[in-house]
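I opened a fresh page for this structure and kept my entries in the order in which I looked things up. Each entry names its topic and then says what I found.

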Amino acid sequence: MDTFKAIAASPGIAIGQVFLLNPKRIKTVKRRIGQEQVQKEQERFRQAVLAVEEQLKKLISELPEEIKEHSNILKSHILMLRDKMVHDRCLRLIEKRQVNAEWALELAMDEIQQLFRTVKDTYIRERLEDIGFVVNRVKAVLAGTETRLDLSSIEEPVIIVARNLSPADTLHISKEKVLGFVTELGSRTSHTAILARSLGIPAVVGLDDITSKCLSGEMMIVDGLKGQVVVEPDEQTLSDYRLKHEKYLKYRLEVIHNSNLPAETTDGYRIKVKANMELVEEIPIVIQHGAEGVGLFRTEFLYMTSRTLPTEDQLFFAYKEVVERLKPYPVTIRTLDIGGDKLASGLNCEEEINPALGLRAIRFCLREKGLFRAQLRAILRASVFGDLRLLFPMVSGKHEMVQVKRLLGQIMDELKAEGKPFNKDIKIGIMIEVPTAVLTSDILAKETDFFSIGTNDLIQYSLAIDRVNEAVCHLYEPLHPGVLRMIKMTVDSGHKEGIEVGMCGEMAGEPLYVPILLGMGLDELSMNAMAIPKTKKIIRQSNQEECADFVQELLSLDSARMVREKAIEFFRQNYSPDMETMDLLELGLNI
Ligand code: PEP
Ligand code: MG
């Protein structure tokens with residue numbers, strides 16, 4: 001049994017078999033085993049040998065006629081597989097050294113090399129290479145390289161272990177097939193972590209080298225509450241985790257049970273709590289968890305999953321479905337935010353050295369006007385089927401809004417001329433996620449109907465911390481005094497112009513921050529749907545005036561550490577943490 005700790009990316013417990021993705025990268029996993037596991041490991045080795053034998057026989061039978069006479073080379077490989085030198089040596093080493101088959105193979109190879117060292121005859125020495133070849137084949141079978149290639153081949157529910165998950169991989173992530181996942185890259189605000197939370201799939205990310213520490217088919221526990229992963233758990237750990245899993249499922253049921261209670265503080269302050277979503281499949285989760293609408297509908301998905309660009313009609317029907325199914329609630333559709341860690345497969349995006357600072361979101365759309373037009377037309381056409389709003393990502397200043405509005409005006413004229421209905425008074429919002437947007441929020445507030453603060457990027461850009469780089473994610477700090485000031489400044493600028501200010505970054509759904517955001521005077525919090533019930537519960541336990549006083553105190557502090565200490569103290573004093581928050585509190589809430 002091996003236990004690893006990394007970033008708790010999505011809450012919940014998953015217990016199941018590992019499915020290693022992209023196993024080409026797999027190195028030899030070395031593990032000590034208990035006496036009681038020796039027989040099982042020896043059997044695993046025998047089965048791998050049999051599988052290689054089958055492969056070689058198949059290869060021989062498929063050899064083209066012209067080289068059939070050379071099949072002896074492959075036949076000799078079969079003999080080598082069975083030879084005492086490799087086969088029996090390996091079985092013996094598993095028992096004697098109590099190591100897994102891969103390690104035993106490596107030890108066997110070392111010993112054989114030692115033996116051959118004294119041999120002068122070149123022919124015999126060359127046979128060493130053949131032995132190396134068969135040993136590698138057995139290792140590949142042991143690692144599952146041969147059979148497990150991509151997510152579409154999953155038949156039974158599994159835990160996915162990968163270096164990273166690409167947009168194409170995420171297409172196959174569904175609750176039916178994926179119990180949980182673990183990746184080497186990523187942080188709590190990387191795209192795959194956000195998706196995992198939206199779908200309610202437990203996940204741990206940023207676990208260095210995990211693809212070399214487990215094998216396809218092995219048992220694994222993913223504890224997305226504590227950010228813990230256990231490979232080949234012993235019986236006691238397994239039964240402890242089965243209990244924890246049951247407790248968690250019960251807790252989720254309770255949480256959902258109260259999800260429709262209002263988000264109102266004890267002193268009568270109402271704040272809208274909405275959901276972030278990006279897949280149509282999420283709609284039932286959004287409704288079930290008590291969302292008062294969708295505060296952020298990410299639209300990248302349709303662009304990331306197809307080799308060609310979606311047509312205007314495809315987009316229109318997708319948006320229409322979302323708006324109609326969520327009626328009478330409002331849906332805020334964000335225009336394409338491609339780039340950074342969200343890459344489109346149908347677009348010829350050039351690889352950039354610094355993608356987060358590259359051709360992303362609104363900049364990309366203002367350059368690729370044809371693509372932007374198609375999306376805006378689709379959104380406008382869908383706007384007559386419900387309460388639909390438009391949101392523009394990565395705006396850095398007024399100049400971009402001037403261009404966006406000009407384009408929007410032209411498109412409205414076109415649609416009018418074509419006799420296509422749309423809501424001419426559609427509400428237009430700006431995402432505040434670039435520091436200059438905060439600093440010019442007084443100017444931008446005059447250009448828009450609402451603000452939505454995207455803290456995932458705002459923190460990344462203001463603290464200069466790459467949000468998908470696990471090496472620096474410990475420095476990602478939503479409670480940095482600079483970040484708090486930026487949020488306050490945006491709220492004040494918006495309110496001064498009489499517009500609503502919401503937040504749709506992951507910060508909005510983290511329990512510790514909710515009292516602070518209430519105290520800042522935000523009008524709306526939008527988050528992954530799973531976080532809505534617990535957020536509403538915290539709001540119902542809060543007194544907004546007290547939260548506002550507390551924020552004043554926080555704004556006078558000069559370090560993130562002090563803010564965090566105070567925030568934890570305030571939280572412990574005023575709230576009873578639920579099961580998810582408890583673990584995060586123990587982790588120091590660096591979330
Ligand atoms: C954000 O940056 O906070 C945000 C909500 O947008 P995304 O995570 O899609 O970049
Ligand atoms: Mg963003």
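The entries below go from the whole chain to the ligand and then to single residues.

**Entry 1: the chain as a whole.** I noted before anything else that this is a predicted model. I counted the secondary structure and found 23 helices and 16 strands in the protein chain. For the overall dimensions I took the C-alpha atoms along the principal axes, and they fill a box of roughly 90 × 60 × 40 Å. I then looked up burial for the chain, and of its 591 residues 57% count as buried.

**Entry 2: the ligand site.** Where does ligand 1 sit? I found ligand 1 in the second largest cavity. I listed 16 residues around ligand 1, and those that come nearest are Arg298, Glu433, Gly454, Asn456 and Arg467. When I sorted this shell by class, I had eight charged residues, four polar ones and four nonpolar ones. I also asked which element gives the most to the shell, and helix H17, which spans residues 455–463, does so with three residues.

**Entry 3: polar atoms at the ligand.** I looked up three distances to oxygen atoms of ligand 1, two from side chains and one from the backbone. Glu433 places a polar side-chain atom 2.9 Å from a ligand oxygen, and for Arg360 the corresponding distance from a polar side-chain atom is 3.5 Å. At Asn456 a backbone N or O atom lies 2.8 Å from an oxygen atom of ligand 1. I then checked the cover over the ligand: taken alone, ligand 1 exposes 290 Å², and the protein buries 100% of that.

**Entry 4: a positive phi at Ala361.** I turned next to Ala361, which has a positive phi of about 50° although it is not a glycine. I wrote this down because most residues other than glycine have a negative phi. Ala361 belongs to helix H12, which covers residues 361–367. Is Ala361 buried or exposed? Its relative accessibility is 0%, so I recorded Ala361 as buried.

**Entry 5: a positive phi at Gln98.** Gln98, again not a glycine, also has a positive phi of about 50°. I located Gln98 in the loop between helix H3 (87–97) and helix H4 (101–117). With a relative accessibility of 24%, Gln98 counts as partly exposed.

**Entry 6: a cis peptide bond.** Most peptide bonds are trans. I therefore marked the bond from Lys327 to Pro328, which is cis with omega near 5°. Pro328 is in the loop that runs between helix H11 (312–326) and strand E11 (331–334).

**Entry 7: two buried arginines.** I looked at Arg377 in helix H13, residues 369–382, and since its relative accessibility is 10%, Arg377 counts as buried. What does the side chain of Arg377 contact? I found a polar contact of 3.1 Å that joins it to the side chain of Glu414. I then looked at Arg89, which lies in helix H3 and is buried, with a relative accessible area of 12%. A polar atom of the Arg89 side chain lies 2.8 Å from the backbone oxygen of Met85.

**Entry 8: helix H20.** I checked how far helix H20, residues 532–540, is covered, and seven of its nine residues are buried. The buried residues of H20 are Ile532, Pro533, Lys534, Thr535, Lys536, Ile538 and Ile539.

**Entry 9: strands E7 and E1.** Ile221 lies in strand E7, residues 219–223, and I recorded Ile221 as buried because its relative accessibility is 0%. Ile221 and Val231 are 10 residues apart in sequence, and their C-alpha atoms are 6.6 Å apart in space. I found Lys5 in strand E1, residues 2–5. Lys5 and Asp208 are 203 residues apart in sequence, while the distance in space is 9.5 Å, C-alpha to C-alpha. A polar atom of the Lys5 side chain lies 3.4 Å from the backbone oxygen of Lys226.

Key:
Residues are numbered from 1 along each chain as its sequence is written. Chains are lettered from A and ligands numbered from 1 in the order in which they are written. This is a predicted model: local features need pLDDT of at least 70, side-chain atom pairs count only at pLDDT 80 or more; totals for chains, interfaces and linings use all residues. Side-chain values use heavy atoms; hydrogens and water are left out. A residue is near a molecule or strand if one of its heavy atoms lies within 4 Å of it. A polar contact is a pair of N or O atoms within 3.5 Å; within protein, one must be able to donate a hydrogen and the other to accept it, and residues adjacent in sequence count only if both atoms are side-chain atoms. Accessible areas come from the Shrake-Rupley method with a 1.4 Å probe; for residues, only the protein chains shown count as cover. On a 1 Å grid over the protein atoms alone, a cavity is a set of points where a 1.4 Å probe fits but cannot get out, and a pocket is an open set with protein on both sides within 12 Å along at least five of seven lines; lining residues have an atom within 4 Å of a point. A molecule sits in a cavity or pocket if more than half of its atoms lie within 2 Å of its grid points. Helices (H or I, at least four residues) and strands (E, at least two) are DSSP runs, numbered from the N terminus. Ala, Val, Leu, Ile, Met, Phe, Trp, Tyr, Cys and Pro count as nonpolar, Asp, Glu, Lys and Arg as charged, and the others, Gly among them, as polar. Buried means under 20% relative accessible area, exposed over 50%, partly exposed in between (1.4 Å probe, protein chains only).
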